[in-house]
Amino acid sequence: MSSSQLRDSGDARRRPSPLRLVFLGVITLVLISVFVSLGTWQLHRRAWKLELIERVNTRVHAPPVAAPTRAQWPAITAADDEYRHISLTGTYAFDKDTLVQAVTDLGGGYWVLTPLRTADGSEVIVNRGFVPPGWKEAVPPAPSGDVTVTGLLRMTEAGGGFLRKNSPSENLWYSRDVAAIAAARGLSDVAPYFVDADGPAGTARAVPNGDGEATTGNITNTQARDYPVGGLTVVQFPNNHMSYMLTWYALAIMSAVAGWFVIRLELRTRR
């Protein structure tokens, strides 16, 4: 084979084939389309999240309205009703308290969930607030009779907490699971939601000990009168959609630049 033939053969091998160029072009377009779609999805998610935050903030700070009636229970949804500020009147069944493990700004302890029997015979589980360990033993006798409770409507937390399941048989609770608590306490005709009771004047407060710090250890009978502490509901929605959106759009631009660079190299004849 002559030198010219060898040179022509090598040039042919080095020239980009049309199929290879098409493949690179298709891959580049696919990557750009995927990243742009993900970025656009995050843009829509951000708009949805901002609307949700505004809607929930409006509910939380609105004057309390009457709690949903039994006839309205089937229509209650998280999107339409959670964090709605409501008011209801009834009588507490203190003998059926349920302590659910909790960690708050006041330290580790429990939420106190107590059934409230209303005038129509239905029951609503009320999260009366946070108590430290040892509260149950020091709590003074609770007053009886009708009370009016205001608070935030919350959806049931079925199952348990992170990596820990509720154990009704052992009376160990890690989430506010309305159906499971109602079954364990022998309750019937129970609302499918619970209520996070407001704190004094609608705000949260810490109960100081002698050192001016929140008490979380053994407490006295006098201190027990200041518990449960309501109004500790944390209303917070993470909103990282802007950073996600910018990341996906940046990847789309990088894919376009990288694809253009590789195809340009392929189009150049290697000598």
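With which side chain does the side chain of Arg-128 make a polar contact of 2.9 Å? The partner is the side chain of Thr-114. This briefing concerns a predicted model of a protein of 271 residues, and it covers the overall fold, the surroundings of Arg-128, an enclosed cavity and an open pocket.

**Overall structure**

- The protein contains 7 helices and 9 strands.
- Of its 271 residues, 35% count as buried.
- Where contacts link residues at least 6 apart in sequence, 66% of them join residues at least 24 apart.
- The exposed area of the protein is about 16000 Å², and carbon and sulfur atoms supply 59% of that area.

**Arg-128 and its surroundings**

- Arg-128 belongs to strand β5.
- This residue counts as buried because its relative accessible area is 15%, and the cut-off for buried is under 20%.
- Besides the polar contact with Thr-114, the side chain of Arg-128 has a polar contact of 3.4 Å with the side chain of Asp-97.
- Leaving aside residues up to four places away in sequence, Arg-128 touches Tyr-92, Phe-94, Asp-97, Val-112, Thr-114, Trp-135, Ala-197, Pro-228, Val-229 and Gly-230.

**The cavity**

- Rolling a probe the size of a water molecule over the atoms reveals where empty space remains.
- The count is 1 cavity of 30 Å³ or more, and the largest cavity holds about 30 Å³ of space.
- Its lining is formed by Trp-111, Asn-127, Gly-129, Asp-196, Ala-197, Gly-230, Gly-231, Leu-232 and Thr-233.
- Strands β5 (123-131) and β9 (190-197) each contribute at least two residues to this lining.
- By class, the lining of the largest cavity comprises 3 nonpolar, 5 polar and 1 charged residues.
- Ala-197 and Gly-230, which are among the lining residues of the cavity, are also among the residues that Arg-128 touches.

**The second largest pocket**

- The volume of the second largest pocket is about 400 Å³.
- Its lining consists of 20 residues, of which Ala-102, Val-103, Thr-104, Trp-111 and Val-234 lie nearest the centre of the pocket.
- Strands β3 (98-104) and β4 (107-118) each provide at least two of the lining residues, and β3 gives the most, with 4 residues.
- The lining of this pocket has 9 nonpolar, 6 polar and 5 charged residues.
- Trp-111 takes part in lining both spaces, since it appears in the lining of the largest cavity and in that of the second largest pocket.

Definitions and conventions. Residues are numbered from 1 along each chain as its sequence is written. This is a predicted model: local features need pLDDT of at least 70, side-chain atom pairs count only at pLDDT 80 or more; totals for chains, interfaces and linings use all residues. Side-chain values use heavy atoms; hydrogens and water are left out. On a 1 Å grid over the protein atoms alone, a cavity is a set of points where a 1.4 Å probe fits but cannot get out, and a pocket is an open set with protein on both sides within 12 Å along at least five of seven lines; lining residues have an atom within 4 Å of a point. Grid points are joined across faces, edges and corners, and a volume is the space filled by probe spheres set on the points. Ala, Val, Leu, Ile, Met, Phe, Trp, Tyr, Cys and Pro count as nonpolar, Asp, Glu, Lys and Arg as charged, and the others, Gly among them, as polar. Buried means under 20% relative accessible area, exposed over 50%, partly exposed in between (1.4 Å probe, protein chains only). Contact means heavy atoms within 4.5 Å. Accessible areas come from the Shrake-Rupley method with a 1.4 Å probe; for residues, only the protein chains shown count as cover. A polar contact is a pair of N or O atoms within 3.5 Å; within protein, one must be able to donate a hydrogen and the other to accept it, and residues adjacent in sequence count only if both atoms are side-chain atoms.
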